[in-house]
Amino acid sequence: MQRLSNATLSALPADIERPGYDRAALSTGIVHLGIGAFHRAHQAVYTDTLLKDDPRWGILGVSLRSPDTRDALGPQDGLYSVSAVDGTGAKRRIIGASTGLIVASEDPTDLQRRLSDPGVRIVSTTVTEKGYSHDPATGQLREEDDAIRHDIANLHQPRTTLGTLVGGLKQRRATGIAPFTILACDNLPSNGHTLKRLVTRFAELVDPDFGKWVAGDVHFPSTMVDRIVPATTDADRVSVAAALGMTDAWPIMTEPFTQWVIEDDFGLGRPDWDRTGAEFVADVAPYELMKLRLLNGSHSTLAYLGYLMGCETVADAMAVPALASLIDGLMRDEVRSTLPELKGFDVPAYCASLVQRFRNPALRHRTWQIAMDGSQKLPQRLLGTIRDRLTQGQSIDRLALGVAAWMRYVTGIDEAGKPIDVRDPLALKLRQIADAAGPVADRLAPALLSVEAIFGTDLPTNPAFTSAVTKALTSLYANGARATLGQMTAN
Ligand code: CS2
């Protein structure tokens, strides 16, 4: 079977949409750090649609370390397919926005040179929560981190995302080229503001005067990004090859839904992403809170409880009536009261659409995938909501069950005594805490709550919070996830 590439584009079946522009005419206007599935299903798609009118916004894709994406897509001239699937079928298109793919660790100097190109006006990031070298509870830079210390001392050969950004800015400043705008596209709270704080602090540590310049001259718009994009499987590769009539080494599977809300704050111009479905607003914060707390908060709760109950995917978890009802109650009774008013936005309809999206039968979104990196995700997904509810003097039973399910999960042993492959930057530390405490909720809950990078200093001393979490964890140990949910939803 032939393989997707510039040369084979014309051999695709007629119903597959393909780049409607001359790829040879593209120039690089965006450097994107972290070219995983999410970026390829989201920002790259919004950009692809407008390249026929404005070819200056081609995307140079950068992986910090892993050569996998470059090796898969390089021989395809950077082309790949995106399949939007639901119960009724698939809509597929080929994305041609890539102007190149590089692996930073192979040649950091080359990346720094490319970042100095005046044609590059935006550097965007999807490096996942753990890629920002910050403390998730406070949003502050982990200054003692080895990789950060390395990068401060070796800014021409950075290893981290922050070092790469700061190194690029420093070179531009030295050569009199205006700084690129830094566009954070990860599920972090106030992602632009958070990244600004981190980059500015890093720059200050390099040189205080440079830090001032970064704080004053670099733009960091915040964004709310949304599209569910599960990891690609070999079965996906087979079904996509059948549909394309050719192989695609790394196809992307996603849902039809997509949303992007962006603060309109760009120093050197920006693509007209609003013409391809994005929304530019003055303040992203209310959209972001809504999405992180309703969608991602529910997702993580479904992931931990679902995994413990043996559900492989989110759709499987949503098929358990007690779990679906917990999620409904979580959104309606516990999260919604914490969200700011968003004029013209129908929150109940949004929640109903989330339920439909979670039930998408064609997406095999594994609970294990979402359960990853919980230490980096809990603060913005569940703990902020919990803080607001506690301030309101309101109940947090469902939210606390989500936190307790995470605790049960990170012990690394499931309900049948089998190992759980816990992926988390703090996995080892969490496992040691769990082993020392043993499977006893009264000991395990306070021990895990003492991890300040996750829970801060306020929550572990809040009796309403600690007792709700301990009660939920006691039930998870005594009765298991299924019965705990049954009891909760029966009340
Ligand atoms: C998910 C998100 O993996 C996860 O933690 O909750 O990736 C989620 O699918 C996206 O934020 C949806 O926009």
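This is a short dialogue on the ligand site of a predicted model.

Trainee: What makes Asn187 a polar contact of the ligand?

Mentor: Distance and atom type. A side-chain N or O atom of Asn187 is 2.9 Å from a ligand oxygen. The cut-off is 3.5 Å between N or O atoms, so the pair counts.

Trainee: How do you know that Lys291 and Asn296 make polar contacts too?

Mentor: Apply the cut-off again. A polar side-chain atom of Lys291 lies 2.7 Å from a ligand oxygen. For Asn296, the distance to a ligand oxygen is 3.0 Å. Both values are within 3.5 Å, so both pairs qualify.

Trainee: How much of the ligand does the protein cover?

Mentor: It covers 88% of the 340 Å² of accessible area that the ligand has on its own.

Trainee: Which pocket does the ligand take up?

Mentor: The largest one.

Trainee: Why is His299 listed around the ligand?

Mentor: The test is a heavy atom within 4 Å, so His299 is listed because it meets that limit. Others in the shell include Asp226, Arg227, His365 and Arg381.

Trainee: Which elements give two or more residues to that shell?

Mentor: α10 (285-308) and α15 (374-391). The largest share, four residues, comes from α10.

Trainee: What makes Ile228 nonpolar but Lys377 charged?

Mentor: Residue type alone. Ile counts as nonpolar and Lys as charged, so the two fall in separate classes. By class, the shell has three nonpolar, four polar and five charged residues.

Trainee: Which domains does the shell draw on?

Mentor: Domain 1 (6-281) and domain 2 (285-490) each supply at least three residues.

How values were computed
Residues numbered from 1 in each chain as written. Predicted model: local features only at pLDDT ≥ 70, side-chain atom pairs only at ≥ 80, totals over all residues. Heavy atoms only, no water. Polar contact = N/O pair within 3.5 Å; in protein donor to acceptor, adjacent residues only side chain to side chain. Areas by Shrake-Rupley, 256 points an atom, 1.4 Å probe, with all protein chains shown as cover. 1 Å grid on protein atoms, 1.4 Å probe; cavity = no way out; pocket = protein on both sides within 12 Å on 5 of 7 lines; lining within 4 Å. Sits in = over half its atoms within 2 Å of the grid points. Domains from an automatic or database assignment.
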